Amino acid sequence: MNKDMIDLYTDYQLSSFGQTTATGLSAMMEGSISHDAVTRFLTNSEYTSKHLWQQVKPTIRDIENEDGVLIFDDTIQAKPHTKENETNCWHYDHTTNTTVKGINLLNCLYHCEGVSLPIAFHIVTKPICYSDISTLKTKRKVTITKNQLLRDMVDTACHNEVKFRYVLMDSWFTSKQTLKHIRKKDKHVIAALKSNRLIALNLQDKKQSRYQRIDEIGLPDKKAMTGYLKDYPHEVVFIRQVFTNKDGSLGVLYLVCTDSQLPADKIMSLYEKRWAIEVFHKSLKQNASLAKSPAHSKRAMHNHVFLSICATVKLECLKLTTKLNHFALKAKLLVAASKAAFDELTLLRAA
């Protein structure tokens with residue numbers, strides 16, 4: 001692992017406000033590093049989740065404790081003008097209910113004591129091409145599901161002896177296999193549920209397979225109710241939360257927790273920490289040049305994503321020392337860049 005180039009490239013990603021290119025980095029270094037050297041760095045080695053762990057491990061060991069949580073979610077970085085391949089392809093975006101051409105990234109974030117650091121990631125690729133019989137169009141599909149990827153990341157976190165008790169995730173990841181897998185690791189899940197998920201509120205209904213949709217049962221607001229998920233053998237806790245959206249409309253969130261001893265207020269406060277991964281994804285896209293690389297090869301694209309994640313880690317570490325959030329730090333860099341450009345323009349005009 002070329003640590004010097006990783007450090008240089010991630011600094012370039014944070015300090016850049018346009019496209020991040022090999023020629024751009026070479027120009028910033030006034031030719032002390034050639035653009036060919038940067039290109040070789042992006043294409044010769046393949047940086048993976050294992051390398052990310054090596055980067056963040058020292059900081060994780062400093063901050064971790066048993067109250068830490070793992071947070072899982074995926075995000076899509078749209079790249080509509082980049083040529084389609086198995087990495088940059090079409091994915092369903094549940095936030096817009098449309099398919100988007102871009103890079104789909106699954107992240108595992110460790111959150112503890114107000115610090116959020118990624119400890120694993122996986123770029124969702126679709127290497128298999130097939131023809132859709134109904135439309136006769138060529139489409140792509142994955143070889144491994146996101147739920148399986150999530151389970152593998154939980155295994156890796158346990159293997160690396162990361163201290164955590166709860167796994168927080170959205171409704172897209174609450175398959176029965178995933179819940180069972182995490183419980184076998186002696187960890188608990190707090191997750192959202194889709195409104196059509198089938199549940200039973202007592203053991204008798206479960207034994208007789210009398211399940212109902214969770215949105216039809218009439219759960220009380222913000223009160224814990226024990227029961228059973230269909231096809232999941234153990235007792236769990238259900239919570240219904242009603243909230244007001246920005247547009248004034250009412251929304252409903254259904255939560256499930258595999259720790260039946262946890263009170264409702266604790267479950268809700270723990271699940272609120274899931275928002276940290278949304279902030280991480282926003283910073284990754286807006287502050288770490290995730291979409292600003294013109295790379296076309298699979299390896300260069302994957303390495304640029306890895307380096308963008310490492311750049312976001314740098315911002316999180318700077319946040320600890322400066323007490324400024326990621327966006328305030330980026331704003332300071334922008335002001336400094338504007339001042340440097342103004343000074344250079346003044347010199348040019350004087351000449």
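## A tour of helix α10 and its surroundings

Begin by selecting Phe306, which counts as buried because its relative accessibility is 0%. The model on your screen is a predicted one, and Phe306 is a convenient place from which to walk through it, as the next stop is its ring partner.

Add Tyr47 to the selection: Tyr47 and Phe306 form a stacked aromatic pair, with 5.2 Å from centre to centre and 10° between the planes. Tyr47 is in the loop between α3 and α4 (49–63) while Phe306 is in helix α10, so that the pair links distant parts of the chain, 259 residues apart. Tyr47, with a relative accessible area of 5%, is buried.

Now widen the selection to Tyr9, Tyr12, Phe41, Tyr47, Phe121 and Phe306, which together form one aromatic cluster. The structure holds five aromatic pairs. One of these is Tyr9 with Phe41, whose ring centres are 6.1 Å apart and whose planes stand at 50°, so this pair is tilted. Because Tyr9 lies in helix α1 (residues 3–15) and Phe41 in helix α3 (residues 35–44), the pair ties together parts that are 32 residues apart in sequence. Both Tyr9 and Phe41 are buried.

Keep Phe41 in view and display helices α3 and α10, whose axes come within 7 Å and cross at roughly 95°. How is α3 oriented relative to α10? The two are roughly perpendicular, because crossing angles of 65 to 115 degrees are classed that way. On the α3 side the contact is made by Phe41, Leu42, Thr43 and Asn44, and on the α10 side by Arg299, Ala300, Asn303 and Leu307. Sorted by class, the residues of this contact of α3 with α10 are four nonpolar, three polar and one charged.

Next, leave α3 and show α9 (275–287) with α10 (298–322). The axes of α9 and α10 come within 9 Å and cross at roughly 110°, which means that α9 is roughly perpendicular to α10. To see the contact itself, select Phe280, Ser283, Leu284 and Asn287 of α9 together with Ser308, Ile309, Thr312 and Leu315 of α10. The contact of α9 with α10 has four nonpolar and four polar residues, and no charged ones.

Two backbone positions in the loops on either side of α10 deserve a stop. Most residues other than glycine have a negative phi. Select Ser289, in the loop between α9 and α10, where phi is near 60°, a positive value in a residue other than glycine. Then select Lys323, in the loop between α10 and α11 (326–350), which has a positive phi of about 65° although it is not a glycine. Is each of these residues buried or exposed? Ser289 is buried, with a relative accessible area of 2%, whereas Lys323 counts as exposed at 70% relative accessibility.

For the last part of the tour, look at two places where a lysine meets an aromatic ring. Select Lys330 and Phe17: the charged end of Lys330 sits over the ring of Phe17, 4.8 Å from its centre. Finally, select Lys141 and Tyr130, where the charged end of Lys141 sits over the Tyr130 ring, 5.6 Å from its centre.

Technical notes
Residues numbered from 1 in each chain as written. Predicted model: local features only at pLDDT ≥ 70, side-chain atom pairs only at ≥ 80, totals over all residues. Heavy atoms only, no water. Helix = DSSP H or I, 4+ residues; strand = E, 2+ residues; numbered from the N terminus. Buried < 20%, exposed > 50% of the residue type's maximum accessible area, 1.4 Å probe, protein only. Axes fitted to C-alpha atoms, helices over the stretch in contact; angles between N-to-C directions. Parallel < 35°, antiparallel > 145°, perpendicular 65-115°, else oblique. Contact = heavy atoms within 4.5 Å. Nonpolar A, V, L, I, M, F, W, Y, C, P; charged D, E, K, R; others polar. Phe/Tyr/Trp six-rings, centres within 6.5 Å; stacked < 30°, edge-to-face > 60°. Lys NZ or Arg CZ within 6 Å of the ring centre and 35° of its normal.
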